[in-house]
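The following note is offered to a colleague who wishes to go through this structure point by point. Please read it alongside the sequence and the coordinates.

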Amino acid sequence: MRIVKCGDLGFKCNFMATGNEIDQVEKNMLDHIEEEHKGELASMAEDDLHHLKHRVSTLSGRSCGCGEHHH
Ligand SMILES: [Zn+2]
């Protein structure tokens, strides 16, 4: 089970995206952000949005660079 916390992305929010697959967690988190944090997204620069998405990927376990799952 993978968990990404919305609070870890810098939002004041208790939402946690969970799932067994990276893709699933990532999608849950991005869906949540787009629905619940529209206002914040609208005020973010494109650079910040890119960083935010990168951070979601990292937290869901994708960007470790080794291709293996961490425990
Ligand atoms: Zn949130």
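1. Among contacts in the chain between residues at least 6 apart in sequence, what percentage join residues at least 24 apart? The figure is 39%. Please bear in mind that the model is a predicted one, and that this percentage is computed from it.

2. On secondary structure, the chain contains two strands and three helices. Their order along the sequence is β-β-α-α-α.

3. On burial, the chain has 71 residues, of which 14% are buried. In soluble globular proteins, nonpolar side chains tend to be buried together. The next point describes the residues concerned here.

4. The largest nonpolar core consists of eight residues: Val4, Leu9, Ala17, Val25, Met29, Ile33, Leu52 and Val56. Two elements each supply two or more residues to this core, namely helix H1, spanning 22–36, and helix H3, spanning 46–59. The greatest contribution is that of H1, which provides three residues.

5. Gln24 deserves a separate remark. This residue lies in helix H1, the helix that gives the most residues to the core described above. Is Gln24 buried, exposed or partly exposed? Gln24 is classed as partly exposed because it has 14 C-beta neighbours inside 10 Å, whereas a buried residue would need 20 or more and an exposed one would have 12 or fewer.

6. A final point concerns the spatial relation of Gln24 to Arg2. The two residues are 22 apart along the chain, and 9.3 Å separates their C-alpha atoms.

Methods
Residues numbered from 1 in each chain as written. Predicted model: local features only at pLDDT ≥ 70, side-chain atom pairs only at ≥ 80, totals over all residues. Core = buried A, V, L, I, M, F, W, Y, C linked by C-beta atoms within 7 Å. Helix = DSSP H or I, 4+ residues; strand = E, 2+ residues; numbered from the N terminus. Contact = placed C-beta atoms within 7 Å.
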